[in-house]
Amino acid sequence: FVEERFGDKVVAVFTAGASGDQDPIYRTGIRFQDRDALARILGEEVVRVCGAGKTYPSMSIRGAQRVITCPGKKSPPGPPPKKGEYVFLDADPVDIRLSVLMLNHIALTGVSGEVLTMIGARVKKESPFSDTIFVTHANGSSGYIPNDDAYDQVSYEILTTKLKRGCAENAIVSNLLDMMDGL
């Protein structure tokens, strides 16, 4: 839709951003016409926003990648526990690949997992760049990556994450900020 609107002079890319704990405006189920309607709504908004975009005659491009490791967790074997009786066991550490791509003053940050909203919001808030974009599912898959407070509300994301509480949020934020500072 976006490429057609711009006469095939652009290549449109997509990322979900930090939305591991979000749902669409309405559930599409198996009806593909609903999926197409959501795609059109998104495409129309992209075209609208691009109308206010700026172009630059030249651009500085800089980038960096880093892998951080956090303690892992898993659920014990057997049937799922009753609500409030959740127990997690130690598991192998989990690698999370981080990346930063700077386009002039625009920071594109990448994380190799399905990151929950509050981590992305925190990176944007603490970033020294007003134009910071948070990209997920970048360069690998570390599974769901919850912020620390999300562990208090046991949900599907918390039950299935391979990460223990207490490492990923701060490690992602501090390392991405450090990488931005180094570029």
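Tutor: Contact means heavy atoms within 4.5 Å. This is a predicted model: local features need pLDDT of at least 70, side-chain atom pairs count only at pLDDT 80 or more, and totals for chains, interfaces and linings use all residues. Residues are numbered from 1 along each chain as its sequence is written, and side-chain values use heavy atoms, without hydrogens and water.

Student: In what order do the elements of the protein chain run?

Tutor: Helices (H or I, at least four residues) and strands (E, at least two) are DSSP runs. The protein chain has five helices and six strands. From the N terminus on, the order is α-α-β-β-β-β-α-β-β-α-α.

Student: Which element gives the most residues to the largest nonpolar core?

Tutor: That core joins buried Ala, Val, Leu, Ile, Met, Phe, Trp, Tyr and Cys residues through side-chain atoms within 4.5 Å; buried is under 20% relative accessible area (1.4 Å probe, protein chains only). The core has 30 residues, with Ile96, Val111, Ile145, Ile172 and Leu176 making the most contacts inside it. Elements giving two or more residues include strand E2 (89-103), strand E3 (106-111) and helix H5 (168-182). The top contributor, with eight residues, is H5.

Student: Which residues does Ile96 contact, beyond its neighbours within four places in sequence?

Tutor: Ile96 is among the core residues with the most contacts inside the core. Its partners are Arg66, Val67, Ile68, Cys70, Val111, Ser112, Ser142, Ile145, Leu163 and Ala168.

Student: What share of the contacts with a separation of 6 or more joins residues 24 or more positions apart?

Tutor: The protein chain has 183 residues, and 31% of them are buried. Its C-alpha atoms fill a box of roughly 55 × 45 × 25 Å along the principal axes. For those contacts, the share is 69%.

Terms used
Buried means under 20% relative accessible area, exposed over 50%, partly exposed in between (1.4 Å probe, protein chains only).
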